[in-house]
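Colleague: Could you take me through one part of this model up close, and then show me how that part sits in the whole? I have the sequence and the structure open beside me.

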Amino acid sequence: MRAAVHHRFGPPDVLSIQDLPPPRPRAREVLVRVEAAALNPKDVLIRKGRYRVLSGAHFPMGSGFDVAGVIEAVGPRVHDRSVGERVFGMLDGFRGRTCAELVTLRADQCAPAPEGLSFVEAAALPLAASTALQALRDVAQIRRGDRVLLHGASGGVGVHAIQIAKALGAHVTTTSGAHNLERCASLGADVTLTYDDPGEPFTQGTRYDAIVDVYGNRSFAWARRGLTPRGTYVSTVPSRTLFLDVARTALASPKARLVIVRSRARDLDTIASMARADALRPVIDRVLPLESIADGHAHLETRHARGKVVLTIRR
């Protein structure tokens with residue numbers, strides 16, 4: 001089977017397409033014929049070696065965590081998935097491999113793909129929408145009427161976080177580049193601000209029940225002045241400073257938290273339900289063939305992607 005791999009850490013051009021033996025599903029796993037796979041900043045950081053403590057350095061190393069396709073085989077002790085079923089899902093961990101013609105994953109890491117969505121659209125959702133859902137619903141514990149600030153709202157996670165926050169009943173303020181203000185508003189943001197608004201988003205005295213740092217370049221010290229007394233700052237990017245802030249606020253308020261996304265079939269079902277109800281629509285920056293995976297990685301590195309980068313796998 002064709003698969004995207006790299007044999008060392010480095011720039012996008014370390015990626016290549018190679019023929020590998022097809023995988024076989026083990027107990028509680030399914031084998032999926034991949035139609036589309038999405039890229040995420042996580043893939044870039046792993047390829048660069050930034051997460052080598054977690055990914056290891058055993059090569060060749062694959063790429064990709066999001067997947068949409070058709071189940072080709074099921075392993076022993078799989079009872080809720082069937083051959084021929086259209087599914088979407090994501091891998092946990094730090095060893096990606098969905099940018100390939102075939103991939104195995106646990107049956108509880110995938111769910112029926114949302115009706116009415118193409119494979120490309122379905123592949124854009126799992127990791128980004130799960131991150132947004134778990135950050136807002138589980139970590140920040142957003143309730144109807146809460147005020148939420150999404151910093152860096154125009155990227156792959158942010159564009160889905162806007163929609164999910166609105167679906168949860170929140171009042172949403174976003175920060176983004178000026179050229180993305182209209183897009184954030186079209187996705188449901190109530191207030192749209194640019195990164196360079198002097199002193200914003202706190203100068204008007206607004207306080208937020210949750211501030212989600214999607215971009216990952218802010219800090220709890222920055223967010224604290226804009227939080228309500230019992231508010232929560234959530235970052236999607238781990239750092240030493242964040243871990244210290246999480247420890248310091250474990251028993252205090254406001255709180256600092258890190259969202260560690262987990263692949264859960266029940267959350268994928270929730271995401272699919274939102275998509276069916278038109279409360280959540282995939283936002284795609286560009287679609288590339290598998291052979292152009294290096295171009296996809298390079299585009300993500302610019303941090304200017306306006307939505308997801310999705311690869312199609314079939315020739």
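Modeller: Strand 1 and strand 2 are joined by 5 bridges and pair in the antiparallel sense. One of the contacts to look for on your screen is at arginine 2, whose bridge partner in strand 2 is aspartate 19. Please keep in mind that this is a predicted model, as we go on.

Now turn to the other neighbour. Strand 1, which covers residues 2-6, also runs antiparallel to strand 4, and 2 bridges join them. You can find this pairing at two places: valine 5 stands opposite glycine 62 of strand 4, and histidine 6 stands opposite methionine 61 of that strand.

Put these pairings together and you have an open sheet of 3 strands, with antiparallel pairing and the order 2-1-4. Strand 2 (15-19) and strand 4 (61-62) are the edge strands, as each of them pairs on one side only.

Next, the surroundings of strand 1. Here 5 of the 5 residues are buried, so strand 1 is largely enclosed by the rest of the structure. For this, buried means under 20% relative accessible area. Both of its faces are covered: Arg2, Ala4 and His6 are buried on one side, and Ala3 and Val5 are buried on the other. Arginine 2 therefore belongs to a strand that is largely enclosed, and it is also the residue that bridges to aspartate 19. Histidine 6, the partner of methionine 61, lies on the side that also holds Arg2 and Ala4, while Val5, opposite glycine 62, shares its side with Ala3.

Let us step back to the whole chain. The protein chain has 10 helices and 16 strands. Its radius of gyration is 19 Å, close to the 20 Å that the globule rule gives for 315 residues, so the chain is as compact as a globular protein of that length. Along the principal axes, the C-alpha atoms fill a box of roughly 60 × 40 × 40 Å.

Burial can be read for the entire chain too: 54% of the 315 residues count as buried. Of the contacts between residues at least 6 apart in sequence, 66% join residues at least 24 apart. The accessible surface comes to about 13,700 Å², and carbon and sulfur atoms account for 51% of that.

Last, the charges. The chain carries 43 positive and 31 negative side chains, and the centres of these two sets are 6 Å apart.

Conventions
Residues are numbered from 1 along each chain as its sequence is written. This is a predicted model: local features need pLDDT of at least 70, side-chain atom pairs count only at pLDDT 80 or more; totals for chains, interfaces and linings use all residues. Side-chain values use heavy atoms; hydrogens and water are left out. Helices (H or I, at least four residues) and strands (E, at least two) are DSSP runs, numbered from the N terminus. The radius of gyration is taken over C-alpha atoms; the globule rule is 2.2 Å times the number of residues to the power 0.38. Buried means under 20% relative accessible area, exposed over 50%, partly exposed in between (1.4 Å probe, protein chains only). Contact means heavy atoms within 4.5 Å. Accessible areas come from the Shrake-Rupley method with a 1.4 Å probe; for residues, only the protein chains shown count as cover. Lys and Arg count as positive and Asp and Glu as negative; His and the chain ends are not counted. The place of a charge is taken as NZ of Lys, CZ of Arg, CG of Asp or CD of Glu. Two strands pair if DSSP finds at least two bridges between them.
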